[in-house]
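Reader: I'd like to learn how to read the contacts in a model like this one. Can we go through it together?
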There are 2 protein chains.
Amino acid sequence: MQEISTIPQLNINLNNVKDNYQFLKSISFGAKTAAVVKDDAYGIGAREVVKLLSKEGCDTFFIAHATEAIDIRDIVPNATIYVLNGIGQGTIDIFKKYNLTPVISNPTALKFWNDSKIPNIKPAIQIDTGLNRLGFSLQQIKDISEEARSNFSLVMSHLSCGDAIGHFMNTHQLENFQKVLTYFPNIPASLSASDGAMLGKEFTFDMVRLGAALYGINTAPYRQNQVKSVVELKAPILQIKDLPIGEFVGYGASYRAHSESKIAIISIGYGDGIFRSLSNTGRVWIGDYEAKILGRVSMDMITIDVTNIPEDILISNNYATLLNDKYTLDNMANDAGTIGYEILSRIGKGQRYVKNYKQG
Amino acid sequence: MQEISTIPQLNINLNNVKDNYQFLKSISFGAKTAAVVKDDAYGIGAREVVKLLSKEGCDTFFIAHATEAIDIRDIVPNATIYVLNGIGQGTIDIFKKYNLTPVISNPTALKFWNDSKIPNIKPAIQIDTGLNRLGFSLQQIKDISEEARSNFSLVMSHLSCGDAIGHFMNTHQLENFQKVLTYFPNIPASLSASDGAMLGKEFTFDMVRLGAALYGINTAPYRQNQVKSVVELKAPILQIKDLPIGEFVGYGASYRAHSESKIAIISIGYGDGIFRSLSNTGRVWIGDYEAKILGRVSMDMITIDVTNIPEDILISNNYATLLNDKYTLDNMANDAGTIGYEILSRIGKGQRYVKNYKQG
């Protein structure tokens with residue numbers, strides 16, 4: 001090691017977020033392209049993403065909780081910010097102060113909204129077309145007066161299986177949504193997030209709500225990823241040592257050396273969002289060489305097998321790479337037993353990274 | 001629902017952290033009780049914990065990265081703050097500015113430390129007694145001059161299986177550590193974290209490094225938890241609805257209703273640190289009633305089965321409870337396929353909670 005470092009690095013390529021936005025726009029058949037920036041833009045950083053995309057002409061954003069607007073409203077004073085999890089007693093003042101637009105998902109919420117008498121805001125209405133999460137049922141729509149139905153800015157629903165082309169649920173939800181729209185004849189409609197937007201023209205309607213694909217996640221796993229990878233993650237190598245045969249590695253002594261090995265300890269762990277389920281299963285990269293994770297991932301350190309990595313490669317690299325454009329969020333998710341969304345959400349919350357944004 | 005709310009709540013009982021500290025002190029056979037506050041005190045909040053424990057007489061703290069000291073040094077200007085992942089070129093200025101003490105874990109790091117010529121600080125030395133993570137080997141100790149060996153403030157090692165009473169690794173590491181100490185005759189010694197501290201007198205030496213058990217995690221799972229639970233987690237119920245037979249729930253349509261059911265959608269998800277591995281497996285509580293998680297945990301919402309919960313209980317509770325003193329971090333970890341440490345580390349990083357600290 002030429003130089004000793006200890007802090008892991010998270011590099012975020014905003015140019016690729018921009019390219020992904022423009023690519024997704026190009027395949028959205030003229031639908032408005034809104035950006036979903038909830039959960040700190042899935043971990044990428046909501047302020048940076050909103051700043052970037054507003055320059056690209058994006059004027060509509062979705063968050064889950066009203067409080068998430070506090071971080072971004074000043075950047076886009078005139079944009080529409082929809083709040084997916086709705087409005088409640090505890091957040092009504094934030095809605096007023098930050099000029100937010102609720103997504104109304106059930107009759108109780110609609111009554112609360114009407115009673116709140118916030119002027120000049122037309123909420124969205126969420127319809128449950130088969131996901132069985134938030135949303136009005138088709139029956140409940142009929143109980144809303146025709147006049148009240150004309151008072152929404154958006155009628156929306158959400159697909160359960162948009163990542164699976166040809167899934168029967170997509171057809172089922174699409175048909176239900178088309179029935180819904182007959183009750184909202186002049187209201188803009190939105191059915192699809194990133195995954196649904198890639199299913200083709202019949203799914204794009206007036207607006208698509210782009211989230212995961214903006215951030216490099218493959219939301220259409222039935223084919224090669226169409227978007228660019230956004231995150232690179234590196235952790236310093238703290239120590240390299242020989243592991244004699246028969247020795248154990250890490251907590252619970254869950255790995256035992258079957259042959260003379262060489263190990264490295266890298267400065268990152270589940271405290272930084274690296275899944276503990278990668279214990280004895282995951283891998284990292286030194287240059288182009290794969291190094292398997294040995295033993296359990298601990299809070300601040302991971303031990304890796306560098307036995308087969310040439311000495312000059314080990315000497316010239318001070319860092320192990322955990323994510324890049326070859327080993328992506330989706331690849332790591334596959335090794336960890338989850339999805340890229342959860343990986344990114346975790347890593348994005350790491351408080352100990354040197355975080356670099358690449359742009360321009 | 002009497003009132004609509006949308007934001008999840010994380011309640012942290014600092015009184016119990018204090019009680020846990022005093023309990024652990026009482027069973028530490030007079031050893032100094034240092035507090036491990038890395039990873040934002042495992043998610044509890046490093047500033048709050050350091051403030052609290054310094055009043056209890058704790059004057060030694062451990063963090064993983066030098067940068068973690070920035071958050072706490074002003075609270076304890078005179079305390080010793082050890083940095084477990086060591087000192088590097090990129091953090092040397094932080095060590096100087098915040099008066100930090102590195103843990104030196106290998107010959108390269110020792111040379112770097114000596115070359116840095118930081119005055120008035122005596123580092124700790126980490127020895128690898130069998131964990132095969134960071135640390136000098138027994139052979140490498142012998143290469144350090146006797147004079148240099150007398151210049152450390154602490155000689156430490158770390159157990160791999162301290163949570164398993166009677167594990168052969170504990171005896172093995174204890175014997176190795178005793179050999180190590182013959183090379184450091186007058187230096188205070190520390191072998192155990194919370195788990196090792198509970199293994200009995202021969203494991204406590206001069207200092208124990210208390211982490212997980214302070215925060216309510218059962219680090220001695222071979223017996224009932226000896227420490228008090230610290231976190232309570234609640235999520236608002238956003239909507240309750242009927243689920244007709246044959247309907248699917250959530251992404252991937254992974255759950256299907258076999259009978260007429262009633263479901264509730266709660267305002268929390270993996271974006272708040274709730275493991276996606278709890279999909280179709282985990283449970284939450286409405287009052288004293290268990291409600292199973294149906295379908296996949298999504299980023300901001302979870303669907304639960306409330307079919308068997310009496311109407312009056314559903315009406316009088318606006319929140320579902322995800323963690324409390326009956327269903328603890330360890331219970332949730334068991335359902336999620338991990339350990340309480342990782343659960344707490346995740347939840348503690350949630351940026352969308354209303355976070356309340358109870359104290360006094």
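Author: Sure. Let's begin with the word "contact": two residues are in contact if their C-beta atoms, placed from the backbone, lie within 7 Å. Keep in mind that this is a predicted model.

Reader: How many residues does the contact take from chain B and from chain A?

Author: Chain B puts in 63 residues and chain A 62. Sorted by class, the chain B side has 24 nonpolar, 26 polar and 13 charged residues. Elements giving two or more residues to that side include α2 (38–42), α5 (107–116) and α12 (340–348) of chain B.

Reader: What turn and shift lay chain B on chain A?

Author: A turn of 180° with a shift of 0.0 Å along the axis does the job, and the RMSD is 0.0 Å. That's the relation of a two-fold axis. As for the residue of chain B that comes closest to the rotation axis, look for B:Lys349, whose C-alpha is at 3.2 Å.

Reader: Why do we say the copies meet through the same surface?

Author: Because 98% of the interface residues of chain B are also interface residues in chain A.

Reader: Now inside one chain: which domains is chain A divided into?

Author: Domain 1 covers 31–215 and domain 2 covers 230–358. Over C-alpha atoms, the centres of these two domains of chain A are 38 Å apart. Their contact takes 8 residues from domain 1 of chain A and 8 residues from domain 2 of chain A.

Reader: Which helix gives the most to the domain 1 side in chain A?

Author: That's α2 (residues 38–42) of chain A, with 3 residues. By class, this side of domain 1 of chain A has 4 nonpolar, 1 polar and 3 charged residues.

Definitions and conventions:
Residues are numbered from 1 along each chain as its sequence is written. Chains are lettered from A and ligands numbered from 1 in the order in which they are written. This is a predicted model: local features need pLDDT of at least 70, side-chain atom pairs count only at pLDDT 80 or more; totals for chains, interfaces and linings use all residues. Domain bounds come from an automatic or database domain assignment. Helices (H or I, at least four residues) and strands (E, at least two) are DSSP runs, numbered from the N terminus. Ala, Val, Leu, Ile, Met, Phe, Trp, Tyr, Cys and Pro count as nonpolar, Asp, Glu, Lys and Arg as charged, and the others, Gly among them, as polar. Copies are superposed by least squares on the C-alpha atoms of residues with pLDDT of at least 70 in both.
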